[in-house]
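Dear colleague,

I am passing on the structure below, and I would be glad if you could look through it alongside the notes that follow.

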Amino acid sequence: MIALTIAIVGHQRRQMLMECLTSVFKYTRDLTYEVCVVDNASTDGTADMVRDYFPQVRLFVNSVPRTFSENHNFLLHQAQGRYVLLLNDDTYLTENTFKAMVDFLDKNPKVGAVGCRQYDGQGRFRPSAGNFPSVWNTLLWALGLDHLAWVRTHWRTRIITWAPFYDETRKVDWLSGACLLVRRAVVIELGGLDETWGMNNEDIDLCYRLWQAGYAVYHIAHAAIVHYGQGGETISRQRAKVTANSSLLAYFRKHHPASALWVREILLLGAGLRVAICWLLSRVTAKPQLAQEHLDTYRATWQVLRKM
């Protein structure tokens, strides 16, 4: 059995995927691995690019788009490696990161998942870990208070945005699914990723179930990857905000049902406050179009939450 399967789902980001794959083959060495790519029904020539430039990649092409969880569950069962790396198509390497991650799992048999530092395209730190959602940190997040410096350093915020936290290798509650190395056999035994969620927070749910099964989750400080992050289209930003809220509520309904009603009201409060603020800003700001985009996003979020 080979050590590692690198599992990537590509959709409408042909150039980014090309950069990602180029960096994988340039920097990954000193271990046995394969690369598996799902083209998630792209129309920009993604599949042809992979065939033409990376014939060593195992390519699977969807005729219709499938969710993050569905695609990665498919790749989990196609994988030949004892470890599987869930990797976004908008990432790239600048060092032999995956060797360090594989070595860490080899040395720590009770660790079920490991992640690394993440930076954006300009070399700025990106948060990639957090604490499990609670009613309290959901309230801080919904009201936007988790961005305050004092809150970030003194409270267990849902997303850890305090950069010095990542300077040490340490246990964390959950890790970002943009670059997440897991034990294939363990994740399959747990039933894979939850396919009932369309997008967002699948990584938190998976890490929660790993902890429940007795496996730790670790961030390692001595390895890094570049992660561009959410795309720039307004519709993409709107969808991301809506699903961030709806999937968070789904998490509570699955794992903490007694708190779910409180969380729904908190999320509605946060979205409603933002609707009111953006409505006011759209009438007084020098950039009314941007304020209107945010207004549309939070209004859509509030409407989805009301129906849940």
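**Strand E1 and the nonpolar cores**

In E1, Ala7 stands opposite Leu86 of strand E4. Please keep in mind while reading that this is a predicted model.

That pair belongs to a longer stretch, in which E1 and E4 (residues 81-88) run in the parallel sense and are joined over seven bridges. E1 also pairs in the parallel sense with strand E2 (residues 33-39), again over seven bridges, and here Leu4 stands opposite Tyr33 in E2. Between these two strands comes helix H1 (residues 14-27), and E1, H1 and E2 together make a right-handed β-α-β unit.

Why can E1 be called largely enclosed by the rest of the structure? The strand spans residues 2-10, and eight of its nine residues are buried, so the rest of the structure encloses most of it.

Turning to the nonpolar cores, the largest has 46 residues, among which Val182 and Leu267 touch the most other members. Helix H9 (residues 234-255) gives the most to this core, contributing six residues. A second core, separate from that one, has 36 residues, including Ile6, Met101, Ala216 and Ala223.

For Leu267, if residues up to four places away in sequence are not counted, the contacts are with Thr138, Trp141, Ala142, Asn245, Leu248, Leu249 and Leu305.

With best regards

Note on methods. Residues are numbered from 1 along each chain as its sequence is written. This is a predicted model: local features need pLDDT of at least 70, side-chain atom pairs count only at pLDDT 80 or more; totals for chains, interfaces and linings use all residues. Side-chain values use heavy atoms; hydrogens and water are left out. Buried means under 20% relative accessible area, exposed over 50%, partly exposed in between (1.4 Å probe, protein chains only). Helices (H or I, at least four residues) and strands (E, at least two) are DSSP runs, numbered from the N terminus. Two strands pair if DSSP finds at least two bridges between them. A crossover is right-handed if, with the strands pointing away from the viewer, the path from the first strand over the helix to the second runs clockwise. A nonpolar core is a set of buried Ala, Val, Leu, Ile, Met, Phe, Trp, Tyr and Cys residues joined through side-chain atoms within 4.5 Å. Contact means heavy atoms within 4.5 Å.
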